[in-house]
Number of protein chains: 2
Amino acid sequence: METIRRIKIIDVLKREDYGSEVNVKGWVRTRRGSKSVHFIALNDGSTINNVQIVADADKFDDELIKLITTGACLSVTGELVQSVGSGQAVEIRAREIEVLGTCGSDYPMQKKGQSMEYMRTHAHMRLRTNTFGAVFRIRHNMAMAVHRYFHEHGFFYFHTPIITASDCEGAGQMFQVTTKNLYDLKKDDEGKIDYSDDFFGKTTSLTVSGQLEGELGATALGAIYTFGPTFRAENSNTPRHLAEFWMIEPEVAFNDIHDNMDLAEDFIKYCVRWALEHCQDDLAFLNKMIDKTLLERLNFVVENDFVRLPYTKGIEILEEAVKNGRKFEFPIYWGADLASEHERYLVEEYFKRPVILTDYPKEIKAFYMKMNDDGKTVRAMDVLFPQIGEIIGGSEREENYDKLMARIEELNIPMKDMWWYLDTRRFGTCPHSGFGLGFERLILFVTGMQNIRDVIPFPRTPKNAEF
Amino acid sequence: METIRRIKIIDVLKREDYGSEVNVKGWVRTRRGSKSVHFIALNDGSTINNVQIVADADKFDDELIKLITTGACLSVTGELVQSVGSGQAVEIRAREIEVLGTCGSDYPMQKKGQSMEYMRTHAHMRLRTNTFGAVFRIRHNMAMAVHRYFHEHGFFYFHTPIITASDCEGAGQMFQVTTKNLYDLKKDDEGKIDYSDDFFGKTTSLTVSGQLEGELGATALGAIYTFGPTFRAENSNTPRHLAEFWMIEPEVAFNDIHDNMDLAEDFIKYCVRWALEHCQDDLAFLNKMIDKTLLERLNFVVENDFVRLPYTKGIEILEEAVKNGRKFEFPIYWGADLASEHERYLVEEYFKRPVILTDYPKEIKAFYMKMNDDGKTVRAMDVLFPQIGEIIGGSEREENYDKLMARIEELNIPMKDMWWYLDTRRFGTCPHSGFGLGFERLILFVTGMQNIRDVIPFPRTPKNAEF
């Protein structure tokens, strides 16, 4: 082989210097042809588009051609020529073809149109398909948009711990982390397991949220965001739940609930706009193959203001709907936690726009949320999206030490390991707000995929930790 | 208070529209003054620089002034005026001061010059100091540089799993992850714990590296990188080890070991250059207070080519040094794993430049590294840095199925859960390479800090999972 430098397919497809010699490397999507000429669609993952390789039959051995099967890995050197029939502007007339890796007929991605369930059992190979290539290039782009947005707005990326000794947020069931030998568990006189010889000298778990530590960052650096894995050991086998997922949690000193809503709306529109600008080919593919209303929905979100509505008003609207004959599975009344059907009614039927619901009853929200003057509601906000339901949850935080402590005592929250959190309210406390966005929820929305297991490379769910 | 919009201190310090009314919010660093005027240094975390607030004594109550103590949180509205004595171009002549949060004399960051050990026990409050503010703003910037570099070079950010059922990489001791009730552990007839009712239906651990899954991404998307937490349950109480740390692992299809070295050198120089360009104030502070050779060292790295040297040559140089009377604690011979003293001799004394050491004996490197034709060495590369030692470790990977299997059998590596990894070599295999960079090692290098516990917000080490 000549040592001319490999060029990525996304770049070769943009070139117009016909007649130049180029080298591409990638995996065979299809090979077809006649007695005189073979057409090979080659893809290297840099784009959803293939480059067409044209190989004259009289220039290449039959033995070589036989090895060019779907999934095989090739290095191709040849001349860049204008294309008439490949769907692209250019194709490559092959001068040399080297098979870097053969691929037998037992290749799991051999057939087109396999079910999503089948794909999941081959998550290591589904990455090579059009659909999952598109999803994970978009996932990358959404992560870039997140970092870019916050960096441009003066936030600092803040790494909160994954292993934690505190468990008071109550956001969900936790995974225990231990180095103890489970075959030799020492117990004390009262029959309690002795954790003094565990790695951290006490019981530890995987974090369910970085928010509390994020507040430490915000009340020092001013504005921070987290973007890291979080964990829920809930036995939920649904298309919306993962045991391991990535979460983004901005937290801002001096922001009130209104600033917080502005931030959430501006941020999520920025992400969706980024996808529309940077992922055109992949979105066009998904719009065609997965969800024909995808592009319409994305454009709609960036072009329209979100509705901002107090929970109490939302309940009134839902009660009115019930009065007018609308049926819901779950009852609706002031104080009820909204079910997905209620959220979707408000978003998809009533307002036909994303809705930010605010000022929820304190009973259904977390202890750290700032109490309103009515003594009944807290400065919470949930951003509700079409199809997805709740995509963001956040609040202004209770910054008053006495009020926070009263709430903690009222709810009997175990604060023994939480002295550091309370210190933020003891030393130069300040108003502050923040929210959490489940990254995979965003990816679901932006790709039109239906199951959260299909927007993370290797999903962790009950009884499943493959790969 | 008027509702004029808060401006961040980093922005107010750039303004020149003297006479304008501005609002700033932040924490008091110091207050000093005379009978007629008070000077307050205010910081909001957006920059290491404070803005000076000038408060005429006759305009403000003594009772209010008494509350303006170190650590208190203020909202200040006043006139932007040109400064003569504050060290900055502007200061603010206060019209209104509101104390948002008081701060008593028990504020843990009251005194200057506290020890690093003391700071660690108050990791939630050390974030508010100059040193740690600088460190974590730089940490943010290094994360931005990482994402920016790979995005600009066509890599995709790829989230590999944190919870894993495979444990074959052998990179270190692992933490077990479980939802089992440790007070009621069922055992089978052979006395083995039954994990069928554990959350994932088998034993699982926290990942020590995303590389193997990263290879799945690279052989589909072409070029990926990971940037996520990794874990080692090693009982190492050193200034260089964390139980939980962040790792960056690029992996590139079609790259050989030389491409891999080019990538590592270009990437790390990009990061250091980013720090020099984007973190000038914070670096100047650290250069003055923490390490007076910091800026010199950073500039040196970006301006000089790294030495590329086979391990065998490195050993020769070290043996020659010993012959000439250089003393090392650990013996040096072909086949030995280099100790930190050896690496630092090559980098700091012999070459006085970063060194990429390549082609290590196979016995001291991982099973997946590509064997050289000599049958004795593998295509490994370690990037060695002044002060830090090994900052990057990587290799070209063995892409040949038979050779890889032979090595796996030779080393008795448990591959039962690794069928998916081998599939990359069975279906369209390709040459590929990658490396790992411990993010905190990079931050140590770029900040001049001495202890790895001081460059991550909340370090996890043996017996320590506070905050």
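**Notebook: two chains, a helix pair and a barrel**

I began with the two copies: a turn of 180° and a shift of 0.0 Å along the axis lay chain A on chain B with an RMSD of 0.0 Å. That is the relation of a two-fold axis. I kept in mind that this is a predicted model.

Next I asked which residue of chain A comes closest to the rotation axis. I found A:Val177, with its C-alpha at 2.4 Å. I then looked at the interface: 100% of the interface residues of chain A are also interface residues in chain B, so the copies meet through the same surface.

On to the helices of chain A. I looked up H5 (residues 130-152) and H7 (residues 257-278), whose axes come within 9 Å and cross at roughly 135°. That makes H5(A) oblique to H7(A), because only angles over 145 degrees would count as roughly antiparallel and 65 to 115 as roughly perpendicular. The crossing of H5(A) past H7(A) is right-handed.

I listed who touches whom here. From H5(A) the contact includes A:Met142, A:Ala145, A:Arg148 and A:Tyr149, and from H7(A) it includes A:Phe267, A:Tyr270 and A:Trp274. By class, I noted 12 nonpolar, two polar and three charged residues in this contact.

Last, I turned to chain B and its strands. I traced a closed barrel of five strands in the order E1-E2-E3-E5-E4, with mixed pairing. Neighbouring strands of this sheet are turned by 55° against each other on average, direction ignored.

How many bridges join E2 (residues 37-43) to E3 (residues 51-56) in chain B? I noted six, between strands that run antiparallel. Opposite B:Leu42 I found B:Val51 in E3(B).

Conventions: Residues are numbered from 1 along each chain as its sequence is written. Chains are lettered from A and ligands numbered from 1 in the order in which they are written. This is a predicted model: local features need pLDDT of at least 70, side-chain atom pairs count only at pLDDT 80 or more; totals for chains, interfaces and linings use all residues. Side-chain values use heavy atoms; hydrogens and water are left out. Axes are lines fitted to C-alpha atoms, for helices over the stretch in contact, and angles run from 0 to 180 degrees between N-to-C directions. Helices (H or I, at least four residues) and strands (E, at least two) are DSSP runs, numbered from the N terminus. Angles under 35 degrees count as roughly parallel, over 145 as roughly antiparallel, 65 to 115 as roughly perpendicular and the rest as oblique. A crossing is left-handed if the near helix is turned anticlockwise from the far one by less than a right angle, and right-handed if clockwise. Contact means heavy atoms within 4.5 Å. Ala, Val, Leu, Ile, Met, Phe, Trp, Tyr, Cys and Pro count as nonpolar, Asp, Glu, Lys and Arg as charged, and the others, Gly among them, as polar. Two strands pair if DSSP finds at least two bridges between them. Copies are superposed by least squares on the C-alpha atoms of residues with pLDDT of at least 70 in both.
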